[in-house]
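Colleague: I'm new to this structure and would love a guided close look at one part of it, the sheet and the side chains around it. Could you walk me through it slowly?

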Amino acid sequence: AAAQRIGVAQIVEGMNSFSLRGRTVTLQAKAACLQTNVTLRYAILEWTGTCDAVTSDVVKDWTSGTYTANNFFLAASLTVVAVGSTALTHVGDPASFVPVAVTPLTGTVSASCNNLIILFWSEGTMAQHDQLVLSEVDCHIGASRIWSPRPAGEELALCQRYFYSSS
């Protein structure tokens, strides 16, 4: 297969997005690319359409270098809060993997936000065997802070809300 841009988005539920209206938020993360050098792009987006009825594909044109609504991003019901980038150099051997902090991204969420969307993507194409690793992703109200993981039991309890057994 031909090399392509890759991306991943996380949609924040409406009940967790409403409290962000009119507030400044900061996105922080660590990242690494295991095979090639890549520029990591990331964005804070807000969905102004129907709450919790967000499209999972917010990209209009993966080839656009203009990171605004109706260029790279869709225009309908989508507002670009902020876009950032960090150059990642490959670490080669996964055993020596050490993620680097991406440049924190700050923006103000509008009063129209129904869902917040966090998007990470590669600016250039990546081959099938390339690996882009994200860790310690955190979007919070206010200025930068040091990220610390929740205790495992608390994290499990929070995840169980979404668990459904079909057997």
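To start us off, how many disulfides does the count come to? After that, please take me through the strands and the rings.

Modeller: Happy to! Please keep in mind that this is a predicted model.

Your opening question has a short answer: the count comes to zero disulfides. Two cysteines show how that works out. A disulfide needs two cysteine sulfur atoms within 2.5 Å. For C51, the closest cysteine sulfur belongs to C113 and lies 8.9 Å away, which is too far for a bond. C139 also has its closest cysteine sulfur in C113, this time at 10.0 Å, and that is again too far for a bond. As for their surroundings, C51 is partly exposed, with 29% relative accessibility, and C139 is partly exposed too, at 30%.

Now let's turn to the sheet. It is an open sheet of four strands, arranged in the order β1-β7-β3-β4, and the pairing is antiparallel. At the edges sit β1, residues 7-12, and β4, residues 78-88, each of which pairs on one side only. From one strand to the next, the twist averages 15°.

Inside that order you will find β7 and β3 side by side. Strand β3 covers residues 38-47 and strand β7 covers residues 115-122; the two pair in the antiparallel sense over eight bridges. If you would like one bridge to look for, try I44, whose bridge partner in β7 is I118.

The rings come next. The model has seven aromatic pairs by count. One of these joins Y42 and F120: their ring centres are 5.9 Å apart and their planes stand at 40°, so this pair is tilted. Along the chain the two residues are 78 residues apart, with Y42 in strand β3 and F120 in strand β7, so the pair links distant parts of the chain. Both residues are tucked away from the surface by the numbers: Y42 is buried at 0% relative accessible area, and F120 is buried at 4%.

Another ring pair brings together F73 and W121. Here the centres are 5.7 Å apart and the planes meet at 90°, so the pair is edge-to-face. This pair, too, links distant parts of the chain: F73 lies in the loop between β3 and β4, W121 lies in strand β7, and 48 residues separate them. F73 is buried, with 0% relative accessibility, and W121 is likewise buried at 0%. Both residues belong to a cluster that ring pairs link together, made up of W62, Y67, F72, F73 and W121.

Let me finish with a charged neighbour of these rings, R41. You will find R41 in strand β3. Its relative accessible area is 17%, and since buried means under 20%, R41 counts as buried. The side chain of R41 makes a polar contact of 2.7 Å with the side chain of E123. Leaving aside residues up to four places away in sequence, R41 touches Y67, V83, G84, S85, L119, F120, W121 and E123. Some of these names should be familiar by now: F120 is the ring partner of Y42, while Y67 and W121 are members of the ring cluster. If you centre your view on R41, its contacts with F120 and W121 will lead you back to both of the ring pairs we have just visited.

Notes: Residues are numbered from 1 along each chain as its sequence is written. This is a predicted model: local features need pLDDT of at least 70, side-chain atom pairs count only at pLDDT 80 or more; totals for chains, interfaces and linings use all residues. Side-chain values use heavy atoms; hydrogens and water are left out. Two strands pair if DSSP finds at least two bridges between them. Axes are lines fitted to C-alpha atoms, for helices over the stretch in contact, and angles run from 0 to 180 degrees between N-to-C directions. Buried means under 20% relative accessible area, exposed over 50%, partly exposed in between (1.4 Å probe, protein chains only). Rings of Phe, Tyr and Trp (its six-membered ring) pair if their centres lie within 6.5 Å; planes under 30 degrees apart count as stacked, over 60 as edge-to-face and the rest as tilted. A polar contact is a pair of N or O atoms within 3.5 Å; within protein, one must be able to donate a hydrogen and the other to accept it, and residues adjacent in sequence count only if both atoms are side-chain atoms. Contact means heavy atoms within 4.5 Å.
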